[in-house]
Every structure is written in structure tokens, then in C-alpha cells.
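Me: I have a model open and want to go through parts of it with you. Can we start with one strand and move on from there?

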Amino acid sequence: MKQLKTQVGIVGAGPAGLLLGHLLHLQGIDSIIIEHRSLEYVVERVRAGVLEQGTVDLMRDAGVGERLLREGMRHEGIYLAFGGERHRVDMAMATGGRAIYVYGQNEVVKDLSAARVATGRPLYYEVDKVAVHGYDTPSPSITFEAGGEPHEIRCDFIAGCDGFHGVCRQSVPAADLQVFDRVYPFGWLGILAEAAPSCEELVYSLHERGFALFSMRSHSITRLYLQCAPDEDLAKWPDDRVWEELQIRLGTSDGWKPNTGRILQKSVTGMRSFVAEPMRFGRLFLAGDAAHIVPPTGAKGLNLAASDVRYLCDALAAFYRTGDEALLTGYSAKALRRIWKAQRFSWWMTSMLHLDPAASAFDRRRQMAELDYVTGSEAAMASLSESYVG
Ligand code: RFL
Ligand code: PHB
């Protein structure tokens, strides 16, 4: 067994694990990151696209925001479309100039992986048989296999940044965890297309055939989503049908519709809201999707992962500086407060913008009234904007 030693053992090299490793590095704290997948897989996985102002500021302050600030697309508003009309929500005006940045999660991961390599600190890809041990003792450890060889990391703390299906949360006895879960009766069919965005901002649309979202990745790539069944069969969605449905659900009476182009990627995701409490178990800390999932309608998942690891890094840094455990003790409660606010917002955006197959005629009318209210009231737009920009 190959023996390794570090201060913080980090499981998972998604945005949470990589950003935590980098923030710790800036505090002079050593870590080892282990990742089940290959670098190519993690970078190419198409996921989030919207970064809150606070996430952008964090990346910039950590010295990993240079390309993000150069290539990211700053958006000061979004559109809500219903009844054939697009209504703009001016988020910058409502929040004293705050905005969101459209910059793919894969670009974030690319930048953070490069920063990790530049620090020379270890990052193992394609590891297997990961297990965490002794997190309720002062000397926890992580075992895994890399290149067929067994390894053991002895560390002071373990950070479980291994996503929703990871091993860290699953290593905690069920009796020590309280789980809050809601599964939605729909999913998103997402495509990435070689087409110039036909609108400079995102369009969230509720149509009588269901929700659709217009987003983008660059000046030449459009990202689009359609509400579908949670287990939708992609074989039933040839490219022509996807475009036809997108044009119907997104097109507005002023003649606006998304540009079409070659489809580069197509996938289906189910939607859920999930929180595991607490997020600390002795010397094991959960962060990001390992502890919580939000439906993507609020664009919060990646941003929550970033704020979790910022709190965790501050707590670990305080501990190593002074031996004070107060911030480590408070980590879970502090992170959960923000998480529950994002859960509320993501649930609200999801309920407002999707057709629930179980909804009554009353529910539908109320839903339209809600959209009418939100796009007509300065106070309601300010509330949406405040939560959306973070
Ligand atoms: P990740 O990205 O899942 O990374 C976890 C990593 O851990 C690895 N892993 C393991 N490694 C070692 N040992 C094991 N036993 C392991 N088990 C797992 C995995 O391979 C993986 O690399 O979690 P992290 O870092 O917490 O980051 C969270 C975000 O990825 C996620 O919240 C967002 O993608 C959610 N999300 C969005 N978030 C936003 O903020 N804005 C958006 O616009 C947005 N859009 C989206 C989204 C997620 C989507 N999908 C596909 C779920 C749109 C979609 C369609
Ligand atoms: C995306 O661009 O992938 C995206 C944008 C907004 C969302 C979710 C996903 O709410």
C-alpha cells in the first residue's frame, strides 16, 4: 500500500473539489485531490453555464478569473416569456449593478485544473475503490486504487466534494443524516448547438406545451433546453423534432426565435431538490452536490458549490492559524442557511415555469397570474433579481 500524507484529503475534482484545493493552496494548506473520472471526462461533461456575481468575484480574487472575465458573457438581465411575449427583467437595475456571467462549467473546470497543475500539488485522476475511514477520530484516512495500486492518504480532514452519487455522504450511517428530497415529474432535454445566439440574454419560457430555455455558451454556440418526461427516450427526439419543438415553445409574436444549427450534444436530466443535513460529521465535511441538489431552473448548483467551499476554506484556515474550531463547528449551519434560500428560489422558479402534469385548471391560471405579476411589478422583479444574481 502506497502511503500518502496531507492536511486535507479532497474526494472529487469537480468545481467544488478543485476550487477548494485552490483556495486552501492560497492559504498555504496542503491537499491531495482524487477523482474517479479522467480529466477529459470532467472537462467535457456539459453542465452549468451561469455564474453569479459572487462566484465570479471569488474566482477573480483567487487568481483564476482572468479568462472568465475576458471570455465570459456578462448579462444584466433575463427574459421571461409567456403568452407569446418576452418580458425583460433588468437585474442590474434592481440590484445596484450586479449581473451574472455566462461561462460554461467545463471552462471553469479547465481553468481550475490548470491552476492546480501550476501549484504542483497532487491530483489523481481515474482512481477506483475510494473509501473514507475514521472521520470520527483525529486521524481520518482515505483509501483508493490508482493504476491498480492501493493507496492510503492520512490526513487531518476529509472534504467530500464527490457529487450526488459520491461515496462520502453514503459512508455516513443513515441514522446520522436527515434527508430532504423532492423529485419533479419532469426533466430537461438539453442540446448544445452550433448556432449564433439570436438573443443577447437568456429566455425562460412557459408555453402550453411546456417549459423551454434559451441560453448560450459563446457568440457561436447556443444551449437550449426543453421540458420533457424525467425518463424521456432520446431516440424519440431526432434533431428535426427538437428544433421544431424549440421554435414552437420559444418563438414569440414579435417574430423572435432561436437560430438553428448542427446539434453537438443532446442529453436528458431528471430534476430534484435534495438536501442532506448536517454537512459535517467529525472530520468529514460535505460540499457541493455531495450535500445538495437544486433543479437547474434557478442556475444555482455550481454557485452553491462555490460558496460551500469558500466557507469551508475559511473555517480550515482559521483552524490551522489559531487552532480555533468555531468556524468548523459553524460550517454546516452557515452553508445550510444559504442552501435553503437557493432551494426556495430554485423550487419557485421551477414551479412557476414548468407544466406540472398534475396541475388543475386553477393551478394553470394562478401560474399565469404569477408570471404576469412577476413581470409587471418592480418589487417582484427586484426580488427575483436579488435571488438570481446571488
Ligand atoms: P460534480 O460536478 O458532480 O463533481 C463531483 C466529482 O466527484 C467525482 N466523484 C468521485 N471522485 C472520487 N471518488 C469517488 N468515489 C467519486 N464519486 C464521484 C465525480 O466524477 C465528479 O467529477 O459536483 P460539484 O463539484 O459539487 O459541482 C456541482 C455542479 O457540477 C452542479 O451543481 C451544476 O452542474 C448544476 N447545474 C447548474 N449549476 C449552476 O450553478 N448554474 C447552471 O446554469 C446549472 N445548470 C446544472 C445545470 C446541472 C445540470 N445537470 C446535468 C445536472 C444544468 C444541468 C443540465
Ligand atoms: C445553461 O446555460 O446551461 C443554463 C442556464 C440557465 C439555467 C440552467 C442552465 O437556469
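Reply: Strand E6 pairs with strand E15 (residues 203–207) in the parallel sense over four bridges. Strands pair here if DSSP finds at least two bridges between them, and strands (E, at least two residues) and helices (H or I, at least four) are DSSP runs numbered from the N terminus. The model is predicted: local features need pLDDT of at least 70, side-chain atom pairs count only at pLDDT 80 or more, and totals for chains, interfaces and linings use all residues. Residues are numbered from 1 along each chain as its sequence is written, chains are lettered from A and ligands numbered from 1 in the order in which they are written, and side-chain values use heavy atoms, with hydrogens and water left out.

Me: Which residue of E15 does Phe-82 stand opposite?

Reply: Leu-206.

Me: And what about E7, in which sense does E6 pair with it?

Reply: Antiparallel, over six bridges, with E7 covering residues 85–90. Ile-78 stands opposite Val-89 there. The E6–E7 hairpin has two residues between the strands, and Gly-83 takes a positive phi near 60° in it.

Me: How many residues of E6 are buried?

Reply: Six of its six, residues 77–82. Buried means under 20% relative accessible area, exposed over 50%, and partly exposed in between, with a 1.4 Å probe and protein chains only. Gly-77, Tyr-79 and Ala-81 point one way, while Ile-78, Leu-80 and Phe-82 point the other way.

Me: Switching to H3. Which of its residues are buried?

Reply: Gln-53, Thr-55, Val-56, Leu-58 and Met-59, in a helix that runs over residues 53–61. Just after H3, Gly-63 takes a positive phi of about 80°.

Me: Now ligand 2. Which residues come nearest?

Reply: Tyr-204, Ser-215, Arg-217, Tyr-225 and Pro-296, out of 14 around the ligand. A residue is near if one of its heavy atoms lies within 4 Å.

Me: What are the polar distances for Ser-215 and Tyr-225?

Reply: An N or O atom in the Ser-215 side chain is 2.6 Å from an oxygen atom of ligand 2. For Tyr-225, a polar side-chain atom lies 2.6 Å from a ligand oxygen. A polar backbone atom of Thr-297 is 3.4 Å from an oxygen of ligand 2.

Me: How much of ligand 2 does the protein cover?

Reply: 96% of the 280 Å² of accessible area that ligand 2 has on its own, by the Shrake-Rupley method with a 1.4 Å probe.

Me: Which elements give two or more residues to the shell?

Reply: Strand E16 (210–216) and strand E17 (222–228).

How values were computed: A polar contact is a pair of N or O atoms within 3.5 Å; within protein, one must be able to donate a hydrogen and the other to accept it, and residues adjacent in sequence count only if both atoms are side-chain atoms.
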